[in-house]
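Here are some short exercises on how two parts of one chain meet. Have the model open beside you and try each task before reading its solution.

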Amino acid sequence: MTDVLRYLYFLLIVRPVILVVIGLNVRRANLLPDQGPAVVVANHNSHLDTMVLMTLFGMRRLKDVHPVAAADHFLRNRLMAWFSTKIIGIIPLEREVKGVRRDPLAGICQALEEGKILILFPEGSRGTPEVREEFKTGIAHIAKRYPEVPFTPVFMHGLGRSLPKGEGILVPFFCDVFIGQAIRWPGKKDAFMQAICDAMNELEAEKEIPRWEAS
Amino acid sequence: MFSHLSTEIHLTFAAIAVLLLLANAILFLRQRSVPDRDDTELALRVRTWWVIVASFAAVLAVSRTTAVVFFGFVSFLAFKEFLSLIPTRRADHRVLFWAYLAIPLQYIWVGTAWFGMFIIFIPVYMFIWLPTRMVLIGETKGFLRAIGTVQWGLMTTVFSLSHAAMLLFIQPETSARVAAVWADESAKTSPGAALLVFLVLLTQFNDVAQFCWGKTVGKRKVIPKVSPGKTVGGLIGGVASTVALAGFVGPWLTFLDLPRSLMAGLIIGLSGFAGDVSISALKRDLGVKDSGSTLPGHGGVLDRVDSLTYTAPLFFHFIYYCYG
């Protein structure tokens, strides 16, 4: 039942909003993983980021795509928790592990073993709109456990203007989505983080971001 | 379904389809004679032309209201492209929301043929409301630049373009300065739609004519800093071709007589050029080649309607002066 609701929610609400109201300008959509297990890592500016990435995967792959999202934010009440886990299909992640000796990556590992495609925002928070922050190293722990899983870097620009943190009104702007070549575990944590970081910088450099004066 | 459009409009669309088929045939022959020539961009452009012409014909065929909604949607896409291109201030989030709200409102005035409101809504009410809303937020740094760009965007992509849709509601007055001349009884069924088809056809034809003449004749550049492809010869040849086509099509398709048709051709030819290079200057200022990627082979919507943003209001007011 919730699967049908999820399908309809994405078909009738998310896709029209993302494709018509926002409008996408995608480069190299063919580099997105066709099947799981796979991970997509992207910069994070807005709640719309997740919706854009899930739209890119199309309705056919929807059932396999799950965003990883902060448990403290998305499970804060029962209605929100139901909507986040059942309709959006998030895999909750504890951002702060307090005392309890429990594997924080258990949910992610289970999903990868089930062959899912995961969407991760390694900045950890939306932060200041359209300002990219350094990726947290949690992704390296996942890559180390699953060296065969490809990590596809995606850079998005524009959504921080459409729906930035703290704003409830959506204002349409075209969104640029640049997709890079998948990266696999090179054997070392530093090398992995460096490869991801370089890929993101390269993707960001593809976009001439309009500014009035050179800053 | 099609009976509310005159025979002349049907024939015009048929003629456009023949021209596009001709373009397809030329592309096919070029490909056969020189197989390694890369015509992908050109082929893509022709294919998008088919989509544009088919959508335009379809919305006109359904109803006048559908055509108005269609133009509203084109305005929305063009305005969104404009805002996405220019730098905007984060503080203006809600101001931009109001600016977007002006689009459905402006097209409601068009759809209800409320001429008085249509003509002042953006130049007066939005002109005053948007800076007021901006001031209430209280960010003064970059104020003039922010309000100037948003208002210019609304004027070109919404106010100007909505004049094209407003043509649909034109009925020549009996007491007008110039008497309407009809080719036949059928032409009387849809005078507004005929004017709109005439405007769009000539504006787009003018773009193509200026491009083709610019490629073949003329060395002296008109404004090399803005548009290196535009030559004096191309401009003259393009405008002359547009005036000729206007004289040929106008008296038959619309209620314009021959002198008025030729004048309309001249207005569209010159202002189409001005609109084209104005948007080119905007893109050059921002360092981008295309305004977007919505129309494969053409770039963005703004790239396609750039000349129309100038020809539509001028043609409308020419008609309004003569026949209103």
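**Exercise 1.** How many salt bridges does the rule find across the interface of domain 1 of chain B and domain 2 of chain B?

*Solution.* This is a predicted model, where local features need pLDDT of at least 70 and side-chain atom pairs count only at pLDDT 80 or more, while totals for chains, interfaces and linings use all residues. Residues are numbered from 1 along each chain as written, chains are lettered from A and ligands numbered from 1 in written order, and side-chain values use heavy atoms, without hydrogens and water.

Step 1: locate the parts. Domain 1 of chain B spans 64–169 and domain 2 spans 171–324, with bounds from an automatic or database domain assignment.

Step 2: apply the rule, a side-chain nitrogen of Lys or Arg within 4 Å of a carboxyl oxygen of Asp or Glu. The rule finds zero salt bridges across this interface.

**Exercise 2.** What is the area buried between domain 1 of chain B and domain 2 of chain B, and which three residues supply 33% of the domain 1 part?

*Solution.* Step 1: buried area is the accessible area (1.4 Å probe) that two parts lose on being put together, summed over both. Here it is about 2100 Å², with carbon and sulfur atoms giving 81%.

Step 2: look at the domain 1 side. B:Glu81, B:Leu85 and B:Leu167 supply 33% of the area that domain 1 buries against domain 2, more than any other three residues.
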